Amino acid sequence: MLRAILARHGESEYSAYGRLNGDITVPVALTQQGIREASALGEALEREELDLCVTSEFQRARETADIALEGRDVPRLVDPRLNDPLIGRYEGADIEEYRAWASSSSPSAAPEPDGESRLAIVERYTRAFRDLLARPEETILVVCHSLPVSYALAAREGTPPGTRVPLAEHAKPYSFTAEELDAAAALLERWAASPTW
């Protein structure tokens, strides 16, 4: 890989209201605004030579990629490691409820039942980034979620994960060179080896 273009999905039925969805079995589609954003992403990428598109498993990410790449023959790959986190009791809840819990909990704490810790989330995103870097395709579009994009953007600037992460814009392309993504992954790996806020 020479370059990765990371993008959050377009606005979804949940993100429009600040609600959370980490359960793949819950269908959450794009809003009309999200469809327009996905279309605009396609326009922004129309001159890009894309060799592969990787998405998460979620409908909103796959739908965004479908719209953005309409009419283009770009191979597709689904990587569940890029999924939104499992958030236990915060499924369907307001994002601020989860953020309040996250701000007062350690990186290794997980919301019950069956949620993921922020440490586990960072580790799986980092593994996905490492596999992207090892792929033979030169330019890869990655359509996923705010959190992996935000972690990568912050790490590129030298900022490790914190209790609160800014939301990435919907369907905005963020370009990373292989060197930038490698450095971001290395910072995330160092943090995961000794996670602190």
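At the start of helix α3, a side-chain oxygen of D94 comes to within 2.7 Å of the backbone nitrogen of E96. Keep in mind that this is a predicted model.

Helix α3 itself covers residues 95–103, and its buried residues are I95, Y98, R99, W101 and A102. Look down the axis of α3 and these buried residues fall within an arc of 160°, so they line one face of the helix. What do the buried residues of α3 pack against? That would be α4, residues 118–134.

Now for strand β1, which takes in residues 3–8. Of its 6 residues, 5 are buried, so the strand is largely enclosed by the rest of the structure. β1 pairs with β4 and also with β5, and here is how those pairings look:

| Partner of β1 | Residues of partner | Sense | Bridges | Example pair |
|---|---|---|---|---|
| β4 | 139–144 | parallel | 6 bridges | R8 and C144 |
| β5 | 174–177 | antiparallel | 4 bridges | L6 and Y174 |

Put in words, R8 sits opposite C144 of β4, while L6 has Y174 of β5 as its bridge partner.

Moving on to the loop between β1 and α1 (32–44), that's where you'll find S15. A polar atom of the S15 side chain lies 2.7 Å from the backbone nitrogen of S12. Which residues does S15 touch once its neighbours within four places in sequence are set aside? The list is R8, H9 and H170. R8 therefore turns up twice: it is a contact of S15, and it stands opposite C144 in β4.

Key
Residues are numbered from 1 along each chain as its sequence is written. This is a predicted model: local features need pLDDT of at least 70, side-chain atom pairs count only at pLDDT 80 or more; totals for chains, interfaces and linings use all residues. Side-chain values use heavy atoms; hydrogens and water are left out. Buried means under 20% relative accessible area, exposed over 50%, partly exposed in between (1.4 Å probe, protein chains only). Helices (H or I, at least four residues) and strands (E, at least two) are DSSP runs, numbered from the N terminus. The arc is that of the directions from the helix axis to the C-beta atoms. Contact means heavy atoms within 4.5 Å. A polar contact is a pair of N or O atoms within 3.5 Å; within protein, one must be able to donate a hydrogen and the other to accept it, and residues adjacent in sequence count only if both atoms are side-chain atoms. Two strands pair if DSSP finds at least two bridges between them.
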